[in-house]
There are 2 protein chains.
Amino acid sequence: MDLSLQQLRGFVAVAEELHYGRAAERLNLTQPPLTRQIQGLERTLDVRLFDRTGRGVRLTAAGGVFLEHARRVLALLEVAPEATRRAADGTTGTLRLAFTAIGAYAVLADFLTMVGKRTPGVTAELTELVSPAQFEALANLEIDIGLVRPPIPEQFESMLVHSEDLVLAVPASHPLAEGDGPVALVDATDDYIGYSPEGSQYLHDICAAMIGMDRYAVSQLASQVPTMLALVRAGLGCALIPRSIMAMRVEGVRYRELDAADAHSVTLHACWSPDSPNPALQRLAESLRQDPHLGT
Amino acid sequence: MDLSLQQLRGFVAVAEELHYGRAAERLNLTQPPLTRQIQGLERTLDVRLFDRTGRGVRLTAAGGVFLEHARRVLALLEVAPEATRRAADGTTGTLRLAFTAIGAYAVLADFLTMVGKRTPGVTAELTELVSPAQFEALANLEIDIGLVRPPIPEQFESMLVHSEDLVLAVPASHPLAEGDGPVALVDATDDYIGYSPEGSQYLHDICAAMIGMDRYAVSQLASQVPTMLALVRAGLGCALIPRSIMAMRVEGVRYRELDAADAHSVTLHACWSPDSPNPALQRLAESLRQDPHLGT
DNA sequence: ACAGATCCATGCTCACACGGTATCGGTTCA
DNA sequence: TGAACCGATACCGTGTGAGCATGGATCTGT
């Protein structure tokens with residue numbers, strides 16, 4: 001035969017009471033079934049668990065060892081339902097979070113602390129993905145929430161997380177490298193490092209609109225900001241990058257603010273599927289809906 | 001209702017196959033009972049464990065958490081019988097070992113390494129007790145084996161572990177403190193530090209025989225050797241102590257060997273109850289009977 | 001020393017839980 | 001739209017396990 005939980009519970013009770021009668025009483029049982037439970041246990045294990053001393057019983061060494069195991073099994077079984085329920089209502093759980101390389105610099109840390117405030121007990125699992133890949137992963141339930149740039153497919157719910165304007169990154173050799181105040185876009189060269197329309201559609205479109213499609217027909221494309229800065233540094237042209245990237249100091253690259261007339265803000269949004277099965281996400285989404293500004 | 005192992009096994013199978021039919025096959029079961037097991041589980045936990053997607057099923061977050069718990073429970077249950085059997089045949093286990101303070105100096109370490117050689121996997125639990133207390137503890141099954149001095153009650157089995165002669169401990173101020181060769185007992189003073197007949201009956205009897213009852217009517221009694229050495233050091237008299245204690249160098253105390261005529265050996269025995277229920281002891285006892293000199 | 005009490009084991013009966021067969025209802029491809 | 005697939009449900013039969021009554025062994029008190 002096989003071990004059963006009833007046998008374990010019976011055994012633990014007898015081992016603690018060292019008396020079948022009292023153990024049976026504790027289990028709301030009569031004594032005979034208990035006797036048979038222990039007998040079955042001893043037959044299954046092929047081990048004597050108790051010494052019958054005529055007056056009560058005594059644990060054998062093997063019985064002591066088995067008691068440890070039985071207690072651990074029952075204890076584990078005791079906490080399992082509560083742990084499962086906590087996971088079900090999102091009190092605990094894992095949030096699979098994706099972010100764009102650009103987004104990471106500006107807001108990832110703040111976003112994580114905000115998540116931590118709203119849903120304590122939930123841990124985050126991080127992946128870096130470009131926005132289109134994030135939407136696909138969201139649809140496939142491979143991630144729970146993404147930090148993406150617009151446009152956001154309407155099937156998803158989203159929330160503005162961060163907004164910043166673009167600044168101009170120029171090579172040190174460029175005429176605009178010297179100086180301090182804002183500059184106009186028209187003063188920049190005709191050479192721009194462009195964003196890849198596949199990897200960074202949003203920034204590509206905005207930049208195209210800012211500069212004009214005609215001048216934006218660039219020779220170099222990139223979707224990763226570090227790559228763009230490397231190209232700028234090599235003197236291949238200027239680039240429009242989010243202000244937060246200015247924190248990234250690169251030898252041979254200067255940043256210039258743009259005239260108010262030319263300034264254009266880019267936004268980053270948290271984005272999730274409203275019918276995700278992850279309760280941790282549900283809880284976070286609920287919190288975001290009710291109190292959008294907490295911890296920002 | 002309550003959790004059952006069948007439910008856990010069923011749940012794990014379904015969670016791994018993500019398909020009731022295949023899971024049922026793996027469990028040598030048909031599909032309907034499996035459905036009911038999972039339903040019962042979900043009702044008990046008040047949690048949905050699977051998302052029914054029409055085409056197969058998918059674990060919920062809560063289901064994933066519960067799966068962890070279920071696996072741990074089943075794994076624990078898997079190893080329990082084997083661990084219990086090992087404890088039953090003495091392959092693993094605990095040996096509760098008692099020793100006299102005197103015995104500890106001479107043989108405890110060697111005895112433990114010998115036990116380790118004979119019964120690997122068995123751990124020792126140490127207690128210090130005087131011989132009479134050890135016999136009582138052995139009878140009450142509070143310890144498994146003792147290192148005692150004779151006489152050994154005949155209900156116990158025993159084995160000679162160590163034999164040594166007695167030497168004379170004298171205060172530095174004593175006439176015998178200077179010199180090197182063996183001395184005769186008659187040269188010592190009439191003042192002796194005696195062993196307590198309760199705590200150290202054996203040494204008390206031997207010393208009484210060596211010195212003669214008349215001269216052994218001493219004013220100071222002790223059962224612990226360190227105490228005796230302290231009394232010797234204070235100049236209250238001489239003492240007969242086991243040779244191994246000479247390793248204990250005490251300021252103000254000198255040791256002298258005794259004439260061959262006066263020398264008297266004292267023995268230390270391992271002692272255990274032949275019908276002890278501890279399989280680890282049984283295994284050690286069997287080993288001692290078959291091969292008494294291994295590792296000595 | 002003997003009678004009674006205590007405690008675990010066993011025989012018997014019965015009910016309920018659990019598994020199997022048959023079938024339903026909903027979803028998904030071709 | 002029909003066929004195939006998959007999980008849920010209805011119904012029935014069987015075996016496990018609980019209770020009651022009692023046996024057998026050991027300990028206790030007078």
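Which element gives the most to the surface near DNA strand C? Keep that in mind as you move through this predicted model.

**Stop 1: DNA strand C**

Select DNA strand C and show the protein around it. You should find 20 surrounding residues, and the closest are Q31(A), Q39(A), R52(A), Q6(B) and T30(B). Of the atoms of this strand that come within 4 Å of the protein, sugar and phosphate account for 63%. Now for the opening question: α3(A) gives the most to this surface, with five residues. Colour α2 and α3 of chain A and α3 of chain B, since each supplies at least two residues here. Sorted by class, the surface near strand C has six nonpolar, nine polar and five charged residues.

Next, zoom in on single contacts. The side chain of Q6(B) has an N or O atom 2.4 Å from a phosphate oxygen of DNA strand C. Then show backbone atoms too: an N or O atom in the backbone of Y20(A) lies 3.2 Å from a phosphate oxygen of strand C, and a polar backbone atom of G21(A) is 3.5 Å from a phosphate oxygen of that strand.

**Stop 2: DNA strand D**

Turn to DNA strand D, where 23 residues surround the strand. The closest are Q6(A), T30(A), R36(A), Q31(B) and Q39(B). Among the atoms of strand D within 4 Å of the protein, 68% belong to sugar or phosphate, and the rest belong to bases.

Which part of strand D does R36(A) approach, at 2.8 Å? Select R36(A) and look: a polar side-chain atom lies at that distance from a base oxygen. Compare Q6(A), where a polar side-chain atom is 2.5 Å from a phosphate oxygen of strand D. On chain B, an N or O atom in the side chain of Q39(B) is 2.6 Å from a phosphate oxygen of strand D. The elements giving two or more residues to the surface near strand D are α3 (31–45) of chain A, plus α2 (20–26) and α3 (31–45) of chain B. The largest share, five residues, comes from α3(B). By class, this surface has six nonpolar, 12 polar and five charged residues.

**Stop 3: where the chains meet**

Hide the DNA and colour the two chains. Chain A and chain B each bring 34 residues to their contact. About 2600 Å² is buried between them, and carbon and sulfur atoms give 76% of that area. Pick out H69(A), L76(A) and T84(A), which supply 20% of the area chain A buries against chain B, more than any other three residues.

Now select V73(A), in helix α4 of chain A. Is V73(A) buried or exposed? V73(A) is buried, because its relative accessible area is 1%. Beyond its close sequence neighbours, V73(A) is in contact with L5(A), L8(A), V73(B), L76(B) and L77(B). V73(A) and L8(A) are 65 residues apart in sequence, yet their C-alpha atoms are 8.6 Å apart in space.

**Stop 4: the largest nonpolar core**

In soluble globular proteins, nonpolar side chains tend to be buried together. Here the largest nonpolar core has 58 residues, and F11(A), F50(A), F11(B), F50(B) and F66(B) touch the most other members. Centre on F50(A): residues touching it include F11(A), V14(A), Y20(A), I38(A) and V57(A).

**Stop 5: strand β9**

Finally, select A239(A), in strand β9 (residues 239–242) of chain A. A239(A) is buried, with a relative accessible area of 0%. Draw a line from A239(A) to L49(A): they are 78 Å apart in space, C-alpha to C-alpha. Among the residues in contact with A239(A) are V167(A), I193(A) and M228(A).

Key:
Residues numbered from 1 in each chain as written. Chains lettered and ligands numbered in written order. Predicted model: local features only at pLDDT ≥ 70, side-chain atom pairs only at ≥ 80, totals over all residues. Heavy atoms only, no water. Near = heavy atom within 4 Å. Polar contact = N/O pair within 3.5 Å; in protein donor to acceptor, adjacent residues only side chain to side chain. Helix = DSSP H or I, 4+ residues; strand = E, 2+ residues; numbered from the N terminus. Nonpolar A, V, L, I, M, F, W, Y, C, P; charged D, E, K, R; others polar. Core = buried A, V, L, I, M, F, W, Y, C linked by side-chain atoms within 4.5 Å. Buried < 20%, exposed > 50% of the residue type's maximum accessible area, 1.4 Å probe, protein only. Contact = heavy atoms within 4.5 Å. Buried area = accessible area lost by both parts, 1.4 Å probe. Lists of a residue's contacts leave out its neighbours within four places in sequence.
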